[in-house]
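Work through the exercises below with the structure open. Try each task before reading its solution.

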Amino acid sequence: MHVCFVIPFAMENTLRFARAAAALPGVRVSVVSQEPAERFPADFRGALAGFEPCVDAMKPDLLANAVEALGKRLGPVTRLLGILEPLQESLAAVREKLRIRGMDAQTARNFRDKSRMKDLFGAHDLPCARHRLCASVAAAQEFAREVGYPLVGKPPAGAGAKATARLADDAALVAFVQSLRPAPGREVLLEEFVTGREFSFDTVTLHGRHVFHNVCCYHPTPLQVMENPWIQWAVVLPRDLSGPEFAAIHRDGPRALSMLGMWNGMSHMEWFRRADGSIAIGEVAARPPGAQFTTLIGLVTGVDMYRAFAELMVFETFTPPPRRFAAGAAYLRGQGGGKDATIRAVHGLDAVRRELGEVVVEVKEPQIGKPAAATYEGDGYVLVRHPDTAAVERAVQHVVRTVRVELA
C-alpha cells in the first residue's frame, strides 16, 4: 500500500504518527511537506519511499498536484493522511478529486466549521452553547443583548483555546470584533460562555462504530490558563469511566460523532459539565488529540496508540484495549518575564523525580535560553501513571506546586 502522509511542518508530534505508519508491514510511506526534506530527521527520511515539496499544503489544488506527482512516481496513493486540524478539509477535497478512500469534503466541513457544527447539534437536539456568526459589530451586540455577558469569541475555524477570547463586556466585544474585521462570508463566531468543569472525549471510530472512548479531566480549562500566565495546566485520565459523572457524554458524544459523519478515525471532543449536572458539547475535531493526549491514552491502556492510529487509518483495524491505569500530565509554563521572555532556569524537577519515583514515566524539560511558549501546553511536561486515579491526581498537583519555570 502506498500511504501519503501530509506534514506541512516538521513538528515532533506529527512525526510520531508518520513514523508509526512507516513501520507498518507492507506499507510504503511518502511525505508532502512545505518544508525542505533536510528539516526532517535523517532516519525518518531513510524510511520514506518518496518526498514531494508543496508551497502551501492547505490549498487543495497545490496539495493535489503534489500527491499526483508522488502517485506517478510510486504508484497510486491508497491512503492520504494528516493530523493537523486546519489540514482536514484540504485532505478531504484531494481524496475526492483523486478517488482515495477516506473522509469526504462534506464530513470534513462538518467538523472544521464550528458554526455549522453547532447548527447541526441544535437541529439534532444535542446539547451545546448558544452561538451566532456575526459579520458586524452591530450583529455581535445584538447577540450579546440576547445571551448576556460573558461571551466567547473565536474564528469559525479556530482550533482549541489559541484563537479564543472571553469577552466580559461591550467594550471587549467591540474591540475583539473590530480586530478581526468581519464581513459577510468572513464572520466571527460568538458563543454563550458555559460555566463548569471541562473535559475531553477522545474516540476511535471503526466503520461507523465508536469502539473506544477516553476522557481527560482538565485542571483548569485551557481558556483560564491562557488568561492567566502563572497557571500550569494539568489533565488527568481516570482509570474507570463507568461512573455516573460520565453517563451523559457516553450517551451524547457518540451520537454527535455519528451525526457529523465520522466513519474511520480518531476524534477529539471538548465538553463541559455544568453545576446542575447537564452537559454542553464544545467542539469536535476529526483528528487525534494533541497536547500529549495520544501518549497518555497509551499509558492508560498499555498500547502504542500511534501505531494503533496508523493501523486504523491504513488497514482499518482496531482492537479496543482495556484501561489498566490512570495517567496525567502537568504542563510546565514559564512565569515572570516580558513579551519576548526566554527560559532562565527550571526549579523543582529533580525533587519531583525523587519524590514521585516510578510514578513519573516521561519528562520533557524546558530548554534554558529558548523563547517562552505562548500556549497553554507550555515549554515542557511531566507525564505520570498509577493504577489509582487519586494517586495520579495527587501526583500532577504535586508537580504543579513544585516545578517553576523562571523566565527572563
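Four exercises follow, each with a worked solution.

This is a predicted model: local features need pLDDT of at least 70, side-chain atom pairs count only at pLDDT 80 or more, and totals for chains, interfaces and linings use all residues. Residues are numbered from 1 along each chain as its sequence is written, and side-chain values use heavy atoms, with hydrogens and water left out.

**Exercise 1. Helix H3**

Task: check the span of H3, then find its buried residues and what they pack against.

Solution:
- Helices (H or I, at least four residues) and strands (E, at least two) are DSSP runs, numbered from the N terminus.
- The expected span is 1.5 Å times one less than the number of residues. H3 holds 15 residues (60-74), so 21 Å is expected; the end C-alpha atoms are 21 Å apart, which agrees.
- Buried means under 20% relative accessible area, exposed over 50%, partly exposed in between (1.4 Å probe, protein chains only). In H3, the buried residues are Leu 63, Ala 64, Ala 66, Val 67, Leu 70, Gly 71 and Leu 74.
- They cover an arc of only 165° around the axis, so they sit on the same side of H3. The arc is taken from the directions from the helix axis to the C-beta atoms.
- The face turned away from that side carries exposed Asp 61 and Lys 72.
- Contact means heavy atoms within 4.5 Å. The buried residues pack against strands E1 (2-6), E2 (28-33), E3 (50-53) and E4 (79-81), and against helix H4 (88-98).
- Gly 75 follows H3, with a positive phi near 100°.

**Exercise 2. Leu 167**

Task: place Leu 167 in its strand and list what it touches.

Solution:
- Leu 167 lies in strand E7 (165-167). Its relative accessible area is 2%, so it is buried.
- Leaving out residues up to four places away in sequence, Leu 167 touches Tyr 149, Pro 150, Leu 151, Gly 153, Ala 172, Leu 173, Phe 176 and Leu 190.
- Tyr 149 is 18 residues away along the chain, yet the two C-alpha atoms are separated by 7.1 Å.

**Exercise 3. Cis peptide bonds**

Task: where does Pro 150 lie, and where does Pro 220 lie?

Solution:
- Tyr 149 and Pro 150 are joined by a cis peptide bond, omega about 0°. Pro 150 is in the loop between helix H7 (137-147) and strand E6 (151-154).
- His 219 and Pro 220 are also joined by a cis bond, omega about -15°. Pro 220 is in the loop between strand E10 (209-219) and helix H9 (222-227).

**Exercise 4. Glu 316**

Task: is Glu 316 buried or exposed?

Solution:
- Glu 316 is in the loop between helix H12 (305-315) and strand E14 (326-332). Its phi is positive, about 60°, although it is not a glycine.
- Its relative accessibility is 12%, so Glu 316 counts as buried.
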